[in-house]
Protein chains: 2
Amino acid sequence: MALIVQKYGGTSVGSIERIRAVAERVKRWRDRGHQLVVVVSAMSGETDRLLNLAKQIQPCPDPRELDVLLSTGEQVTIALLSMALAACGCPARSYTGAQVHILTDNVHNKARIRDIDAARVRADLDAGRVVVIAGFQGVNEQGDITTLGRGGSDTSAVAIAAALKADECQIYTDVDGVYTTDPRIEPRARKLDRITFEEMLEMASLGSKVLQIRSVEFAGKYRVPLRVLSSFDEGEGTLITFDEDNPVENAKISGIAFNRDEAKLTVLGVPDQPGVAYQILGPIAEANIEVDMIVQNVAPDGQTTDFTFTVHRNDYPQALAILRKTANCLGAREVTGDATIVKISLVGVGMRSHAGIASRMFAALAKEGINIRMISTSEIKISVVVDEKYLELGVRALHAAFGLDRPS
Amino acid sequence: MALIVQKYGGTSVGSIERIRAVAERVKRWRDRGHQLVVVVSAMSGETDRLLNLAKQIQPCPDPRELDVLLSTGEQVTIALLSMALAACGCPARSYTGAQVHILTDNVHNKARIRDIDAARVRADLDAGRVVVIAGFQGVNEQGDITTLGRGGSDTSAVAIAAALKADECQIYTDVDGVYTTDPRIEPRARKLDRITFEEMLEMASLGSKVLQIRSVEFAGKYRVPLRVLSSFDEGEGTLITFDEDNPVENAKISGIAFNRDEAKLTVLGVPDQPGVAYQILGPIAEANIEVDMIVQNVAPDGQTTDFTFTVHRNDYPQALAILRKTANCLGAREVTGDATIVKISLVGVGMRSHAGIASRMFAALAKEGINIRMISTSEIKISVVVDEKYLELGVRALHAAFGLDRPS
């Protein structure tokens, strides 16, 4: 008998029919002798409906009141799912975030979980009930309702699994697992049976939006075994494991992530002196623009250097304007930019011990005539920036070069 | 400066436009220097929408989970109203029933309020904020959400007013006050400036559905001055006062109530002996049928008597079947019944000291040729049962006979 926390997102509980299907799935797990805690999101469309009501009143609604409003979405789902469970002969009890004391900080709309009181949940489980908990929401020390921000239900599920020391936290979505890359780009993309937390973090932050990144961090930190599955069909999904569980001797590459939303900016001929990077990025940060890749090469003439970084494409015009001002003050030669680029990243823990991977990657791209505009590496990831027209070709070339279409 | 509790029902907060209008009304009161607590219902249609979702899952939804579901309706309204108040420059803070500890018993869907913790509300009021509280809902000792049943927001408002020792509890509805009778029956019906609690109770229980009867009882018990007003236009509404505030020397009749939903049943020739009333009504009560009027006259022959009572028209067939069985056991002569009757009642504290009122009432009905089938009286009320075809004629005749169209 295991203690399992399951999380169902908005699409999985998007209608009465879907809620009934979730209830039947939960019942099947319980019938196998497991204890079940189910965390749910608002029915799909509900959060947007509520947000739209609020925006009719205030363009920027009061954050505290917005949380009071939005938290009703999950509250509706927990009640309906508990009824559906009862209707199929599975005793259940629902709780809001406040009722199981999912204590958060005070940052309305983006709160972080601090603590969970698991006693009440345990008592229900021991009494043979399924416990249904509203995701996405908590309560601060003053008793005010808080929400964790969009996608926060994943984090709720992981936090609850950690507090209960659950055997597994299962995240049900509309995909059946984590893929080697986006199947819409490379039809031969293959579902992974396992992926490490670190790889998942790199995949998630690079645009594979299967899991909310914060929930993966949380699961890694509290060592909660996490599994991504489809709520629409049966299957084992993808298990997210700890690094040491996997032999890293083989040159394992897990997948290829990409991001179409970036733009790059370059300052040419900046004086090569201390503090220059801060002078360039300081004003960008002050404008609340997030910077992703940063590349600075050695100064070829020992006098001046070139400095490049990428931002979200939406921030490109503003970043360019700021950069032009800064370049002027610094006496830089020129500012250039390009919003028609993409980033492609190779992710895998195998990279740590196998130096040949980068050269294999560059060779595969060169073979297709794809020019690399920027390179940046981390322990388990190599990212390159290329012209956006090469996205599909680049992803497919790398997918083939590393044999990702064949089971490892 | 007064402390005022205002309650707005579902129609008054039925759209974003209406919520804005409520916010502006609240602001006007606050601008006059008053402290305001606002209790709101779910937006009109919302409770039915939620109920319909539940019924798609379970025909008789689990009561605990139904409360979790339905309580979201008011939670949406408190958030939106607080935003609307902030948007018109009126600092506000919302609370669910649980957040201000509206403690109730355990009877889900029909809970009764036991206690309210007013400390948090007071702190907000003292800080200059308007406090917005979800009506209709509370929390039991286990921390489970409870609801008070339909119309319970009135009771919430009165209970909060009592706990805060408010100067006045204002109930905003879609009518502009309490009328001498239903204006749809008698166009000359006149709005009353004042009515006593006892009169209001008699009016409410007799079918004038302006206020939930439980809230009137509550207000009377805790001596909360209650006022009924329209949320659609300005006006003083009707103040519900304590008996001793009014001089009762004048033969004051406040209004004429009526009820079309009754049916009468009679057992003829019952042995006139102790316990007979219990033997007749016991089986009716066991079937959960509520009995309204009960009339038993003296036994003319000293041997047998006739026993008559009224029930809701929906319960008539069942009550008739039960009564036939009972009559058989008792050896009664005959059972008769009539579902085409109405009850008309004259209500007023003036009745206590003025004996002539009953005869004036009977004279007015006789003049129109209306035959009286049953009579029952209380301290401040005389009710008669007549054929349903006489409803309009009877109400108008009494309205004129007691000069109710003229200001008192």
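Two strands pair if DSSP finds at least two bridges between them. Keep that in mind, everyone, as I take you through this one, and please remember that the model is predicted.

Let me start in chain B, with a pair of strands that fits that definition. Strand β1 of chain B, residues 3–8, is joined to β9(B) by 5 bridges, and the two run parallel. If you want a place to put your cursor, go to B:V5, whose bridge partner in β9(B) is B:C169. Then look to another neighbour of β9(B): strand β11 of chain B, residues 226–230, also pairs with β9(B) in the parallel sense, over 5 bridges. There, B:T173 stands opposite B:S230 in β11(B).

So is β9(B) enclosed or not, and how many of its residues are buried? Strand β9 of chain B covers residues 168–173, and 5 of its 6 residues are buried, so the rest of the structure largely encloses it.

Staying with chain B, let's move along the sequence to an open sheet. Its 4 strands come in the order β13-β18-β20-β19, with antiparallel pairing. At the edges sit β13 (255–259) and β19 (374–378) of chain B, each of which pairs on one side only. On average, neighbouring strands of this sheet are turned by 20 degrees against each other, direction ignored. Within the sheet, β13(B) pairs with strand β18 of chain B, residues 341–347, through 5 bridges in the antiparallel sense. A handy marker here is B:I256, which has B:L346 as its bridge partner in β18(B).

Now over to chain A for the overall picture. Chain A has 11 helices and 20 strands. Its C-alpha trace spans about 75 × 50 × 30 Å along the principal axes. A compact globule of 408 residues would have a radius of gyration near 22 Å, and chain A, at 24 Å, agrees with that. Of those 408 residues, 48% count as buried. Taking contacts in chain A with a separation of 6 or more, 75% of them come from residues 24 or more positions apart.

Chain A also gives us another open sheet to look at, with 4 strands in the order β15-β16-β14-β17 and antiparallel pairing. Here the edge strands are β15 (291–296) and β17 (334–338) of chain A, each pairing on one side only. From one strand to the next, the twist averages 15 degrees. Strand β14 of chain A, residues 262–271, is joined to β17(A) by 5 bridges, running antiparallel, and A:L268 stands opposite A:E334 in β17(A). Lying across β14, β16 (304–312) and β17 of chain A is helix α9, residues 316–330, which runs at about 5 degrees to β14(A).

Finally, how do the two chains go together? Chain B can be laid on chain A with an RMSD of 0.2 Å, using a turn of 179 degrees and a shift of 0.0 Å along the axis. The two copies are thus related as by a two-fold rotation axis. Which residue of chain B comes closest to that rotation axis? B:T72 does, with its C-alpha at 2.6 Å. The same surface serves both copies, as 100% of the contact residues of chain B recur in chain A.

As for the interface itself, 26 residues of chain B are in contact with 26 residues of chain A. On the chain B side, the elements giving two or more residues are α2 (46–57) and α3 (63–87). Helix α3(B) gives the most, with 14 residues. By class, that side of chain B has 16 nonpolar, 8 polar and 2 charged residues.

Thanks for listening, and I'm happy to take questions!

Definitions and conventions: Residues numbered from 1 in each chain as written. Chains lettered and ligands numbered in written order. Predicted model: local features only at pLDDT ≥ 70, side-chain atom pairs only at ≥ 80, totals over all residues. Least-squares fit on C-alpha atoms with pLDDT ≥ 70 in both. Contact = placed C-beta atoms within 7 Å. Buried ≥ 20, exposed ≤ 12 C-beta atoms within 10 Å, placed from the backbone. Nonpolar A, V, L, I, M, F, W, Y, C, P; charged D, E, K, R; others polar. Axes fitted to C-alpha atoms, helices over the stretch in contact; angles between N-to-C directions. Rg over C-alpha atoms; globule rule 2.2 N^0.38 Å.
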